[in-house]
Amino acid sequence: MSTDVIVTSVAPLIIDSSYSGNLDFGTVTIQDGGYINISIPCVFSCVQLINASSGQHSGDDINIFGPDGVSKTSGPDFDGAAGAAGTNGQDAKCD
């Protein structure tokens with residue numbers, strides 16, 4: 001059964017490892033300052049997504065986060081040290 005939810009700045013929808021609710025939503029309404037953060041593998045679905053905000057907040061409405069990647073220090077995809085600077089270009093001339 002799908003659940004309707006209203007997302008606000010004081011009640012954002014946070015779907016992380018501690019989330020135990022339903023991920024099959026009916027109508028999801030995002031109001032001013034509201035946002036959805038998803039940081040676990042999941043299938044988020046809703047029948048209708050309504051952005052009822054005035055657009056005055058500075059954040060994003062929906063954020064999807066993954067784990068940080070591994071830093072490369074060697075191997076085939078490692079670019080190595082910065083390359084040498086290129087030579088100066090020729091002076092431009094106008095006719």
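**View 1. Ile64 and the nonpolar surface patch.** In this predicted model, Ile64 counts as exposed because its relative accessibility is 68%, which is above the 50% that exposure requires. The residue is placed in strand E6, a strand made of residues 62-64. Together with Leu49 and Ile62, Ile64 makes a nonpolar surface patch of about 300 Å².

**View 2. The sheet that contains strand E6.** Strand E6 belongs to an open sheet of three strands, which are arranged in the order E2-E4-E6 with parallel pairing. Strand E2 (13-15) and E6 stand at the edges, and each has a single partner strand, so one side of each is left without a neighbour in the sheet. From one strand to the next, the twist averages 5°. Within this sheet, E2 and E4 pair in the parallel sense over three bridges, and Leu13 stands opposite Ile36 in E4.

**View 3. Gly34 and its distance from Leu13.** Gly34 is placed in the loop between E3 and E4, and with a relative accessibility of 1% this glycine counts as buried, since the buried class covers values under 20%. Gly34 and Leu13 are separated by 21 residues in sequence, while their C-alpha atoms are 8.0 Å apart in space.

**View 4. The sheet built from strands E1, E3 and E5.** Three strands, in the order E1-E3-E5, form an open sheet in which the pairing is parallel. Its edge strands are strand E1 (3-7) and E5, each of which pairs on one side only. The twist in this sheet averages 15° from one strand to the next. E1 and E3 run parallel and are joined by four bridges; looking at individual residues, Val5 has Val28 in E3 as its bridge partner.

**View 5. The aromatic pair of Phe25 and Phe44.** When the whole structure is searched, one aromatic pair is found. Its members are Phe25 and Phe44, whose rings lie 5.4 Å apart from centre to centre, with an angle of 40° between the planes, and the pair is therefore classed as tilted. Phe25 lies in strand E3 (residues 24-30), whereas Phe44 lies in the loop between strand E4 (36-38) and strand E5 (45-51), so the pair ties together parts that are 19 residues apart in sequence. The two rings belong to residues that fall into separate accessibility classes: Phe25, at 4% relative accessibility, counts as buried, while Phe44, at 24% relative accessibility, counts as partly exposed. The cut-off that matters for this assignment is 20%, because a residue under that value is called buried, and one between 20% and 50% is called partly exposed.

**View 6. The whole chain, as context for the close-ups.** The secondary structure of the predicted chain comes to six strands and zero helices, so that reading along the sequence gives the pattern β-β-β-β-β-β. Of the 95 residues in the chain, 16% are buried. Among these buried residues are Phe25, at 4% relative accessibility, and Gly34, at 1%. Ile64, by contrast, counts as exposed at 68%.

How values were computed:
Residues are numbered from 1 along each chain as its sequence is written. This is a predicted model: local features need pLDDT of at least 70, side-chain atom pairs count only at pLDDT 80 or more; totals for chains, interfaces and linings use all residues. Side-chain values use heavy atoms; hydrogens and water are left out. Patches are made of residues with over 30% relative accessible area and no salt bridge: like charges are joined within 9 Å, nonpolar side chains (Val, Leu, Ile, Met, Phe, Trp, Tyr) within 5 Å. Accessible areas come from the Shrake-Rupley method with a 1.4 Å probe; for residues, only the protein chains shown count as cover. A salt bridge is a side-chain nitrogen of Lys or Arg within 4 Å of a carboxyl oxygen of Asp or Glu. Helices (H or I, at least four residues) and strands (E, at least two) are DSSP runs, numbered from the N terminus. Buried means under 20% relative accessible area, exposed over 50%, partly exposed in between (1.4 Å probe, protein chains only). Rings of Phe, Tyr and Trp (its six-membered ring) pair if their centres lie within 6.5 Å; planes under 30 degrees apart count as stacked, over 60 as edge-to-face and the rest as tilted. Two strands pair if DSSP finds at least two bridges between them. Axes are lines fitted to C-alpha atoms, for helices over the stretch in contact, and angles run from 0 to 180 degrees between N-to-C directions.
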